[in-house]
Amino acid sequence: MAPLPEPDFDGLVQLAATVCGTRAAVLQLVDDEAPASSWSVGLPEVVAGLTDFYARVLQAGGKPLTIPDAAADPGLSRHPMVAGPPGLRFFAAVPLIAADGTPLGVLAVMDSAVRTGRDADLSALDMLGRLVVAQLDLRRQQQRLADRNAEQEQQNQRRLQIAMRTAQMSSWALDLADNSLTLPPEFAAMLGTGTAMPGTLDELLQHYAAESRTRIRQVITECARNAAPFDEEAQILTAPDGRRWVRMIGEVVRGTSGAVTRIQGILQDINARKQAQEETLRLAMRLTTTLASITEAFVTLDREGRFTYLNQESERLLQHSTAELLGQEIWQDFGEEVSGRLRQHIQRALTTNRQVEFENFFPPLGKWLEVRAYPFAEGLAVYFRDVSERRNSQEQLMLLETGIARLNDIVVIVEASPRHGSGPQIVFVNDAFERHTGYTREEVLSRMPGMLQGPETREDELARIFGALQQWKQARGELVIYRKDGESFWVDLEIVSVAAQNGDLTHWVAVGRDITQRKAADEKIHHLAFYDPLTELPNRQLLLERLEQALEDCASTRQEGVLMFIDLDNFKILNDTLGHSKGDLLLQKVAVRLKGCVRKLDTVARLGGDEFVVMLQDLGTQPEAATRKAQIVAEKVLATLREPYDLAGYQHYSTSSIGVTPFNIRQGSVSELLKQADLAMYQAKTMGRNTVCFFDPDMQASVSANAALSTDLRAGLREHQFLVHYQPQVDREQRITGVEALLRWKHPQRGMVSPAEFIPVAEESGLILPLGQWVLEQACLQLAVWQKQPETAGLSIAVNVSVRQFRHPDFVDMVMAAIKHSGIQPHNLKLELTESLLADRMEIAIAKMGTLKALGVTLALDDFGMGYSSLSYLKRLPLDQLKIDKSFIADVFSDPNDAAICSAIISLAQSLGLDVIAEGVETEAQRSFLAGLGCGYYQGFLFCPPLPIAEFETFMRGAAT
């Protein structure tokens, strides 16, 4: 669901002031979900001071409030906004009440002049207030709908699993590499006890009925060769000498290279369903072939009910001759019950002079007779007709119709050759037809079956079925038919032809079963296999197939294509701070925006997490033109994803990093293309995020170099190639108060490797954890040595701690263990933390720092002013020292901003009771300037470069003398 646009509350309050002709208007909300609390026009200084006015409005019982002159109101005359500037007098307002009775705020207009509120003004103000409430209610309703949709999706997943079990479905697979077959355990039960499970396709085919083996082999071979899915129903041979209907569905599965590696699908026991369909067909055919024979006899009676005439047919029917019956009463030989009823009807006809008709069973004759009596002047004319066969047929018809009517299967009987020649017409439908289609019998009888067709009905499938029926073959197919209300559903349809005794085609009997749920389940299974359930975008499997096909198309069309790898910047922070529900909502909105940036023929896929891929095809045959088009689309994606997101009432801003690589017939495999786009995306991250980077072969070289450097780092740790150099830190009198421990790497082939070169690789590979721990332990051991000497016992050692090292769950325990193992005074160990620790998870960082501080460790904030410092957080941090970054020191005389920053940092530290140390001090002028600002400590080449421990101790002894 698309988010609602932000309401124009500024325009609304302006409209309120204009309509009511007042100087000012205010909209004040108390709703926590609103992005702001108030909007005003005219007199912004009064907004914060109207609390008493608002309270009176909300206490007015939901009715508008008008105060013509606040100075005359005893409760408001001394109010600061009335007695003083701006001299508020007139005030009119309406309360904003939600549909559930919750107060949302107040919409008010005001003026410094005394006024009488007009009814029209109050009516307009009330209308505008209702508009505000409607917009806020719409937002709540949209959130509730989003929550219901998420719950419905979970329910659908559970229903799908239940449907699989209920439908007796289970999975099977055929590995094309070794022709090995995996079947569900239920298949052994279908075959019968004592039968070994088939292990190959050939063994499986031996269990199929002979007439089906060729077809099953053909569809499986076609599926493996051309990736054509299949859905076949056939009989398998069961023990002993039995058959059972099964349904086999199959689709291909591709490997990472895009090649078909196996066929997998669903195996379903449909024997019960097939038997029910066959029984339905038998019942329907009996219904259409049942006919009734009609025979008729004629007699006359006098007005006393005695026979006066009998025809030959009546003699046969009544089983007496004319001589035996003439002059006899008609009711004399039929038993008391039948004779009484016959007498009653005949006497009524004579008395009323009206015809009567009735049917009755005559026991002496053993027949059902229809009796019709017509009175005339001399007596009665009575017709008899033997309706025994009809009654028997009616009974059979009633039983058949009752049986068919109560079937769950849809039954339709169509007259193949109507006498009027207008085409096949429906002559019978059962109750299931009425339930499923919504049509009554009266609405469909004598109409053509085409009335059930619609836009999605497959004409080719209809033609195939009709062709089979023309050849007197039983036809079967799956069709979409339409209900009376226009909705469609799937039917598994089986049709047979019915012939008269002379062999002419008379009817078609169609038996159908609603398979909409099965089709939906099949589609759901397919969708789950190839689409991401959260965003509904193609997943990795479908992307690989489409990319493989795109590369094949390039070979014939020579068209250029482009692959874009898109990663959301800082997505983890959103998940960690606002929860995964907000993160999932952002991913869904990103998916919608990405689809809006490309054409229908292009592909947008989600690989997982916050990673998306866009594949652009048919960009022309010129690589340069294709690159320009890709650049335009990439910039459009960047701009679109930068737009703010409404995440269920929370406004969120996000950016993305995009890596782009072109592809055509000259490119390599699918996996190589994805790797190139991924590398380009990481390069975009390195360039500062929120940018686009095209793949360059140099990237691959850089990645390879970093991989080699990472390997060397591991070897360096094992072979003890790392050293610690020390650079002194001095006070105002240039006395050494401590040192900073700086990591150095002496490579056996490269020599001294710069920390700027290997530290980023160590961070990325995770080796910064053992390296940082090693430096910490070395510093503690050195402090233990110095602690034993009076001249060095007071020195401190500062150790840099990386973000990754600090956030390790055991970091505090490792520091405590190093202190305890070395036996040093904790305050001589100074940990220099970087500002990037403050980017997120602030409360955890503060808790860890508090533990270290309680232990006695000195804490310093390194490179202050370069990162995420916030004064509101800074005052909560248990720090001892701020360290001014050397980039500010270097240009302190050439850049006034740097000078101002240094002054501000020193002043801030002093106000917070913190020491300040400046690093990178290289000239006396820099030191003197900083000293004038109040800086207490310094570090830099002006005093001494970083030195190995032996050289540093020599330098320290020289400085002491």
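Which strands does helix H1 lie across? In this predicted model, helix H1 (residues 9–20) lies across strand S1 (24–29), strand S2 and strand S5 (103–111). The helix runs at about 140° to S1.

These strands belong to an open sheet of five strands. The order is S2-S1-S5-S4-S3, and the pairing is antiparallel. Strands S2 (38–41) and S3 (65–67) stand at the edges. Each has a single partner strand, so one side of each is left without a neighbour in the sheet. Neighbouring strands of the sheet are turned by 10° against each other on average, direction ignored.

At the S3 edge, the partner is strand S4 (residues 90–97). Three bridges join the two strands, which run antiparallel. Leu-65 stands opposite Ala-93 in S4. A second helix, H2 (residues 51–58), also contacts the sheet. Helix H2 lies across S1, S3, S4 and S5. Its direction is at about 55° to S4.

Further along the chain, helix H31 spans residues 924–933. Its buried residues are Gln-926, Arg-927, Leu-930 and Ala-931. These four cover an arc of only 130° around the axis, which puts them on the same side of H31. They pack against two helices, H29 (886–890) and H30 (896–912). They also pack against two strands, S35 (915–919) and S36 (937–939). Gly-934 follows H31. The phi of Gly-934 is positive, near 105°.

Conventions
Residues numbered from 1 in each chain as written. Predicted model: local features only at pLDDT ≥ 70, side-chain atom pairs only at ≥ 80, totals over all residues. Heavy atoms only, no water. Pairing = 2+ DSSP bridges. Axes fitted to C-alpha atoms, helices over the stretch in contact; angles between N-to-C directions. Contact = heavy atoms within 4.5 Å. Buried < 20%, exposed > 50% of the residue type's maximum accessible area, 1.4 Å probe, protein only. Arc of directions from axis to C-beta.
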